[in-house]
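User: I should like to learn how to read the features of a protein model, from its overall form down to single residues. Could we work through one example together?

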Amino acid sequence: MFLKKLCETHGVSGDEAQIRQIILDNIKPYADEITIDIMGNMIALKKGSDHSKKVILAAHMDEVGLIITSVTDAGFLKFQFVGGIDARVLVGKRVCVGKNNIPGVIALKAIHLQTKAERENAVTEKSLYIDIGAKNKADALNVVALGDYAAFDTEFTELGNGFYKAKALDDRCGCAILAELIKNECVYDTYFCFTVQEEVGCRGAYVCANRIGADAALIIEATTCGDVSGAPEHLLVTTPHNGAAFSVLDRGSYSDIELTKKLYSLSEKNNIKIQYKRTTMGGNDARAIQSSLGGVKTCAVSVPCRYLHSPVSTISKYDYEAAKEVARLFITNTKELI
């Protein structure tokens with residue numbers, strides 16, 4: 001399964017080369033042109049039957065993770081976050097460090113050694129470390145280096161009734177959808193953009209969008225599920241098994257109203273299960289693409305995801321398929337939509 005392969009491969013923001021190569025090998029037979037820019041974005045052009053307009057389909061290759069910043073005398077690795085991570089979900093989680101995937105576990109001072117204040121306050125990034133089983137600092141530096149990335153070590157598995165559990169579902173589910181859809185015929189020249197460094201500020205998407213100068217764009221993402229949060233129903237963001245989630249407004253972008261309404265209506269007519277996001281939290285590559293050059297009509301469609309930015313992200317395979325079908329409608333009905 002291609003999604004499984006993507007999720008189990010490591011690609012923390014700034015270190016997307018392995019993911020890019022896997023996608024490149026998969027899509028090469030279906031693209032008319034493929035460009036890899038200085039940032040590391042991969043842009044695959046699928047020429048349409050009509051060359052009068054340009055369309056973007058975008059998903060980001062990078063995942064949240066850690067970067068090694070120092071090594072203690074005892075051989076433990078200290079780190080900082082790459083992207084938005086809640087430190088409270090990390091204790092006891094397995095990671096792979098560096099190019100050689102050195103195995104390690106994220107650890108915390110034993111509770112019986114903690115002060116009263118440490119026990120009563122939430123875990124912080126500064127209090128955590130990675131144990132790779134090194135004898136001392138020199139032993140650790142024999143196998144890792146400062147600046148090495150650490151990625152979550154999670155096996156892709158199916159859970160219960162129709163769920164996938166993995167790390168990096170944000171946004172490997174979008175990448176897998178684009179890799180499948182590039183096999184389709186397109187109306188307009190369509191640029192399948194596999195972007196880098198979304199988790200640290202949508203940096204790759206800025207470069208892609210300014211390079212292309214598109215008329216419209218669809219961003220395929222993963223977004224928060226709120227069904228286990230205890231929040232009021234109107235703040236649940238999205239719910240699993242309820243379909244692909246359309247965004248109207250978030251902290252970085254405002255979806256084009258006309259395009260969004262048309263695509264939502266077309267999806268309903270084709271019996272695709274869909275929903276709207278119920279909050280304006282978060283953001284994605286739409287913020288970079290929408291404001292590029294003279295402006296681009298954007299629409300963001302996401303796969304609802306429990307435990308986003310954690311080692312155990314979980315999505316509904318039915319929502320994943322729904323997002324894929326919405327994106328398929330976008331590239332095959334573009335004239336009617338834009």
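The dialogue below moves from the whole chain to one helix and then to individual residues.

User: What should be established at the outset, and how many helices and strands are there?

Analyst: The model is a predicted one. The protein contains ten helices and 17 strands.

User: How does one judge the overall dimensions, and what radius of gyration does the protein have?

Analyst: The general idea is to compare the radius of gyration with the value expected for a compact globule of the same length. For 338 residues that expectation is near 20 Å, and the protein has 21 Å, which agrees. Along the principal axes, the C-alpha atoms fill a box of roughly 65 × 45 × 35 Å.

User: What share of the residues is buried, and what supplies the exposed surface?

Analyst: Buried here means under 20% relative accessible area. Of the 338 residues, 54% count as buried. The exposed surface is about 14500 Å², and carbon and sulfur atoms supply 50% of it.

User: How much of the contact network joins residues distant in sequence?

Analyst: Among contacts with a separation of 6 or more, 75% are between residues 24 or more positions apart.

User: How far apart are the mean positions of the positive and negative charges?

Analyst: There are 39 positive and 41 negative charges, and their mean positions are 2 Å apart.

User: Let us turn to a helix. Which residues of α6 are buried, and why do they line one face?

Analyst: An α-helix has 3.6 residues a turn, so residues three or four places apart point the same way. In α6, residues 203-212, the buried residues are G204, A205, C208, A209 and I212. Viewed down the axis of α6, these buried residues fall within an arc of 125°, so they line one face of the helix.

User: Against what do the buried residues of α6 pack, and what follows the helix?

Analyst: Their packing partners are β2 (42-46), β3 (50-60), β12 (188-195) and α8 (286-290). After α6 comes G213, with a positive phi near 70°.

User: Is A205 of this helix buried or exposed, and which residues does it contact?

Analyst: A205 lies in α6 and counts as buried, at 1% relative accessibility. Leaving aside neighbours within four places in sequence, A205 is in contact with N41, T195, V196, D285, A288 and I289. The C-alpha atoms of A205 and N41 are separated by 7.9 Å, although the two residues are 164 residues apart along the chain.

User: What is found in the loop between β12 and α6?

Analyst: This loop holds G201 and C202. G201 is partly exposed at 23% relative accessibility, whereas C202 is buried at 2%. C202 has a positive phi of about 55° although it is not a glycine. Not counting residues up to four places away in sequence, G201 touches Y206 and R287.

User: Where else does the backbone call for inspection?

Analyst: One case is A168, a residue other than glycine whose phi is positive, near 65°. A168 lies in the loop between β11 (163-166) and α5 and is buried, at 8% relative accessibility. Another is the cis peptide bond that joins D170 and D171, with omega about 10°. D171 is found in helix α5, residues 169-181.

User: Where is T9, and which residues does it contact?

Analyst: T9 is in the loop between α1 (2-8) and α2 (17-27). T9 is buried, with a relative accessible area of 13%. Apart from neighbours within four places in sequence, its contacts are Q18, I19, I22, E63, K167 and R172.

Terms used:
Residues are numbered from 1 along each chain as its sequence is written. This is a predicted model: local features need pLDDT of at least 70, side-chain atom pairs count only at pLDDT 80 or more; totals for chains, interfaces and linings use all residues. Side-chain values use heavy atoms; hydrogens and water are left out. Helices (H or I, at least four residues) and strands (E, at least two) are DSSP runs, numbered from the N terminus. The radius of gyration is taken over C-alpha atoms; the globule rule is 2.2 Å times the number of residues to the power 0.38. Buried means under 20% relative accessible area, exposed over 50%, partly exposed in between (1.4 Å probe, protein chains only). Contact means heavy atoms within 4.5 Å. Accessible areas come from the Shrake-Rupley method with a 1.4 Å probe; for residues, only the protein chains shown count as cover. Lys and Arg count as positive and Asp and Glu as negative; His and the chain ends are not counted. The place of a charge is taken as NZ of Lys, CZ of Arg, CG of Asp or CD of Glu. The arc is that of the directions from the helix axis to the C-beta atoms.
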